[in-house]
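Hello! Here are my notes to read alongside the model, set out point by point. Keep the 3D view open and find each residue as you go.

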Amino acid sequence: MTMHRALLVSEILLDIFAHVDTIMDPLSYGEMSLARKSLATLATTCRTFHEPAMDLLWASMHGIVPLLGCVTRLHPMIYHHAGRYTWYSEGINPLCEHEIPQFLRHAHRVRSLQIPFDNHFHLLSVLPIKTFIFPRLQSLSMAVHPAGYLHLFLPPTLRRCSLSLIHPDLKLIATCCAATLEDLTIKIPYQSTADELCLLSDSIRLCKRLVTLYCPPLDWAAWKHLSNLPTLLSVAISGEVLCPLDMDNFVFTRFLNVTALSFHVTTASYVIAVMRNSAFPSLEEFKMVARVLPWEDAEQLFHALSQCTACQTLQHIDILSRDQRVPEPSDSSLTLITQFLGFTQLRTLQLAFPHCCIRLDNHLLSKAMSSWPHIRSLKLEDPHPHPATITFRGLSTALRQSPHLHTLHILMDALNIDIDPQAEAFQHTSLQTLDVRASHIADREAVAYILFSMLPSVESVIHGSSGRHIRMWEWEVGASKVAYASTSSPVQAPAAISSTTGIFVLVFLIRYIGTRSIAASSRMGSNVLSYVKKTGENATEE
């Protein structure tokens with residue numbers, strides 16, 4: 001059979017094979033995956049398919065066992081269980097010189113390598129010290145450090161490197177790959193020592209082309225170096241701060257092109273120091289997770305953030321802290337959210353820490369929304385209970401200022417029904433998720449009608465101490481039960497529904513049966529309302 005001419009075009013062939021590699025099941029480390037089996041079959045189909053299929057087959061590797069399996073002496077030892085290569089090399093002699101070409105036969109095809117353990121590196125002792133096993137390697141991830149063999153895995157093509165510890169040879173990575181390394185990730189599962197963090201900062205200063213960096217806290221010298229890298233776009237700092245930044249010996253720095261900044265620290269002091277003494281004129285995303293965030297630190301952080309020249313660029317802010325042992329501020333005039341009014345390009349804002357919503361009322365919410373014309377997601381979650389001050393009228397006014405908002409998490413005063421949806425023909429058609437989990441509800445009928453009238457596109461409502469999602473399909477199930485009960489004589493009540501579910505059963509019925517049927521003008525509608533009232537009063541809130 002003659003091959004289709006399209007398959008003779010290398011670009012088309014590569015696209016087809018890449019599709020095979022992605023649509024099949026992912027690689028299983030104990031057994032060859034269907035994708036790899038398919039690529040192996042394609043490689044043996046014809047000469048045209050061989051090279052591109054083999055390149056994809058060897059492009060990503062988990063350990064060096066597949067390469068060792070190409071050695072004639074080791075092959076039967078490794079693949080003695082029908083393709084599985086759970087193999088232990090203790091007691092096996094190292095490679096001989098004539099076995100090196102067998103071992104390196106496909107190494108030039110490897111682009112991505114994960115090293116989960118170092119059980120087999122003693123077999124490589126015969127390799128010359130200046131050898132690069134993978135001359136075209138671009139991504140390296142090491143769960144352990146191959147002591148004495150690291151140089152074999154550091155070709156000048158390496159662009160991404162992920163480490164799980166700070167090893168004394170860290171400088172070797174920065175030195176060998178200084179001109180090419182773009183993505184450096186160092187995630188340490190334990191607390192680093194002061195010496196390790198010093199080594200880390202020294203190594204970072206050797207990198208010349210970093211684009212993204214994830215690592216433990218750095219010193220001022222490292223931050224100064226990073227500010228001089230025009231390629232740098234993203235910095236994430238995670239870990240214990242052992243040596244606070246020296247505020248007496250800093251140099252103000254400008255990170256001209258950094259767009260994303262993230263911190264996962266114990267307290268905000270380190271973050272405040274960085275933000276106070278740096279400018280980020282291109283910053284689009286800021287995230288901080290702190291173990292504890294006192295009110296005073298939050299105020300300083302927000303002020304520093306508002307002064308870092310990112311007011312016209314910052315689009316996403318996410319600040320979290322779950323420690324509830326933070327006392328309420330004594331100054332009753334302070335409102336943290338006012339610090340964010342200058343960020344006119346905000347798309348998402350999430351504040352989840354003690355007292356973050358204190359003194360937030362209708363007026364301030366409306367003012368905030370008018371300051372953020374592009375806002376799409378607003379989540380204000382205060383773990384400390386405070387009296388709800390946002391009413392339905394305040395919500396309506398705020399929503400008029402934010403036509404693109406699709407997610408809202410806020411504490412509502414649902415007891416005070418201060419709006420008449422029949423008199424005010426306003427609908428917000430973008431909001432899809434409403435989270436009012438801590439709000440108390442008394443008049444379920446009124447709340448249901450307001451939600452139906454004002455928010456016709458809401459698909460998910462989160463309410464109650466458990467934060468349960470009430471979605472459209474749940475409304476349908478609940479509505480079916482209520483409709484069945486309302487048309488039976490005598491009424492055969494199903495399991496009691498909660499006040500929350502009752503509200504959304506009402507919303508469903510209003511939408512799909514019609515407002516006139518829900519009113520007392522129909523027997524079914526009046527029975528439905530009576531049933532929801534009766535069961536809702538006796539049910540426990542979900």
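1. Let's begin with confidence. Over residues 537-542 the pLDDT stays under 50, and the model has 17 contacts beyond four places in sequence for this stretch. Please remember that this is a predicted model. The mean pLDDT of the protein is 80, and 80% of its residues reach 70 or more. Residues 471-501 also have a pLDDT below 50, and that stretch has 65 contacts in the model beyond near neighbours in sequence.

2. Now for the charged pairs. How many salt bridges does the structure hold? There are 7 salt bridges. One of them joins Arg 109 to Asp 55, with the closest N and O atoms 2.6 Å apart. This pair links distant parts of the chain, as its members are 54 residues apart. Look for Arg 109 in the loop between helix H6 (100-103) and strand S2 (112-115), and for Asp 55 in helix H3 (residues 47-57).

3. Are the two partners in that bridge buried or exposed? Arg 109 counts as buried because its relative accessibility is 6%, under the 20% cut-off. Asp 55, at a relative accessible area of 31%, is partly exposed.

4. Next, please find Arg 322 and Glu 381, a salt bridge whose closest N and O atoms are 3.6 Å apart. Arg 322 lies in the loop between strand S12 (316-320) and strand S13 (348-352), while Glu 381 belongs to strand S14 (residues 377-381), so the pair ties together parts that are 59 residues apart in sequence. Glu 381 is partly exposed, with 25% relative accessibility. Salt bridges can also share partners: Glu 51, Asp 55 and Arg 109 are joined into one network in this way.

5. Arg 205 and Asp 202 form another salt bridge, with 3.1 Å between the closest N and O atoms. Both residues are partly exposed: Arg 205 has a relative accessible area of 31%, and Asp 202 has one of 22%.

6. Thr 185 is a nice residue to zoom in on. You will find Thr 185 in strand S5 (residues 183-186), and its relative accessible area of 17% makes it buried. Which residue's side chain makes a polar contact with the side chain of Thr 185? The partner is Asp 183, at 3.4 Å. Leaving out residues up to four places away in sequence, Thr 185 touches Cys 161, Ser 162, Leu 163 and Tyr 214.

7. Tyr 214 also appears in another arrangement: the charged end of Lys 187 sits over the ring of Tyr 214, 5.0 Å from its centre. You can look at Arg 400 in the same way, since its charged end sits over the ring of Phe 426, 4.3 Å from the ring centre.

8. Finally, the rings. The structure holds 12 aromatic pairs. In one of them, the ring centres of Trp 223 and Phe 255 are 5.8 Å apart and the planes lie at 85°, so the pair is edge-to-face. Trp 223 sits in helix H9 (residues 220-227) and Phe 255 in the loop between strand S8 (253-254) and strand S9 (260-265), which places them 32 residues apart. Trp 223 and Phe 255 are both buried. Ring pairs link them with Phe 263, Tyr 270, Phe 280 and Phe 286 into a cluster.

Methods:
Residues are numbered from 1 along each chain as its sequence is written. Side-chain values use heavy atoms; hydrogens and water are left out. A salt bridge is a side-chain nitrogen of Lys or Arg within 4 Å of a carboxyl oxygen of Asp or Glu. Helices (H or I, at least four residues) and strands (E, at least two) are DSSP runs, numbered from the N terminus. Buried means under 20% relative accessible area, exposed over 50%, partly exposed in between (1.4 Å probe, protein chains only). A polar contact is a pair of N or O atoms within 3.5 Å; within protein, one must be able to donate a hydrogen and the other to accept it, and residues adjacent in sequence count only if both atoms are side-chain atoms. Contact means heavy atoms within 4.5 Å. pLDDT is the predictor's confidence in each residue, from 0 to 100. Rings of Phe, Tyr and Trp (its six-membered ring) pair if their centres lie within 6.5 Å; planes under 30 degrees apart count as stacked, over 60 as edge-to-face and the rest as tilted. A charge sits over a ring if NZ of Lys or CZ of Arg is within 6 Å of the ring centre and within 35 degrees of the ring normal.
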